[in-house]
Amino acid sequence: MPKILSTEDFISQPLEKHSFSETFLQKCRQQQVLTLKDLLALGTQGLLRTSSFDEADREELYAYLQQHRILYLLTLNR
């Protein structure tokens with residue numbers, strides 16, 4: 001039986017453990033964003049202001065967060 005992670009443990013895992021594209025992961029590494037927690041800390045406005053992340057990157061992130069039912073965590077960090 002797979003181990004069930006808490007939300008905190010899930011968002012604290014390295015991004016490479018999640019199913020993001022290599023392009024997205026490279027952009028995150030360039031920005032020294034290593035975990036979902038780092039991305040969530042940017043908040044929606046931070047993601048919009050960060051020139052490294054384009055619309056396709058934001059859509060990939062939003063889809064992933066929605067798939068895992070944690071999109072609300074991004075909107076909590078404005």
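**Notebook: Arg29, helix H2 and the overall fold**

I began with Arg29, which is partly exposed because its relative accessible area is 35%, a value between the 20% limit for buried and the 50% limit for exposed. I kept in mind throughout that this is a predicted model.

I then placed Arg29 in the chain and found this residue in helix H2. Leaving out residues up to four places away in sequence, I noted that Arg29 touches Glu16 and Glu22. I also looked up Glu59, which is 30 residues from Arg29 along the chain, and recorded a separation of 18 Å between the two C-alpha atoms.

Next I went through helix H2 as a whole, which covers residues 22-30, and listed Phe24, Leu25, Lys27 and Cys28 as its buried residues. Viewed down the axis of H2, these buried residues fall within an arc of 160°, so they line one face of the helix. I asked myself which helices the buried residues of H2 pack against. The partners turned out to be helix H3, residues 36-49, and helix H4, residues 55-67.

I followed the chain onward and noted that Gln32, just after H2, takes a positive phi of about 60°. Further along, in the loop between H2 and H3, I came to Thr35. Is Thr35 buried or exposed? I entered Thr35 as buried, because its relative accessibility is 14%, and the cut-off for buried is under 20%. When I set aside its neighbours within four places in sequence, I found Thr35 in contact with Ile11, Ser12, Gln13, Pro14 and Leu15.

I turned last to the whole protein, where I counted five helices and zero strands, so that I wrote the order of elements from the N terminus as α-α-α-α-α. For 78 residues, a compact globule would have a radius of gyration near 12 Å, and I noted that the 12 Å of the protein agrees with this. Along the principal axes, I recorded that the C-alpha atoms fill a box of roughly 40 × 25 × 20 Å.

I wrote down that buried residues make up 35% of the 78 residues, and that, among contacts between residues at least 6 apart in sequence, 55% join residues at least 24 apart. For the surface, I noted that the protein exposes about 5,200 Å², of which carbon and sulfur atoms supply 52%. I closed the entry with the charges, for which I listed 9 positive and 10 negative side chains, with the centres of the two sets 5 Å apart.

Definitions and conventions. Residues numbered from 1 in each chain as written. Predicted model: local features only at pLDDT ≥ 70, side-chain atom pairs only at ≥ 80, totals over all residues. Heavy atoms only, no water. Buried < 20%, exposed > 50% of the residue type's maximum accessible area, 1.4 Å probe, protein only. Helix = DSSP H or I, 4+ residues; strand = E, 2+ residues; numbered from the N terminus. Arc of directions from axis to C-beta. Contact = heavy atoms within 4.5 Å. Rg over C-alpha atoms; globule rule 2.2 N^0.38 Å. Areas by Shrake-Rupley, 256 points an atom, 1.4 Å probe, with all protein chains shown as cover. Lys, Arg positive; Asp, Glu negative; His and termini not counted. Charge placed at Lys NZ, Arg CZ, Asp CG, Glu CD.
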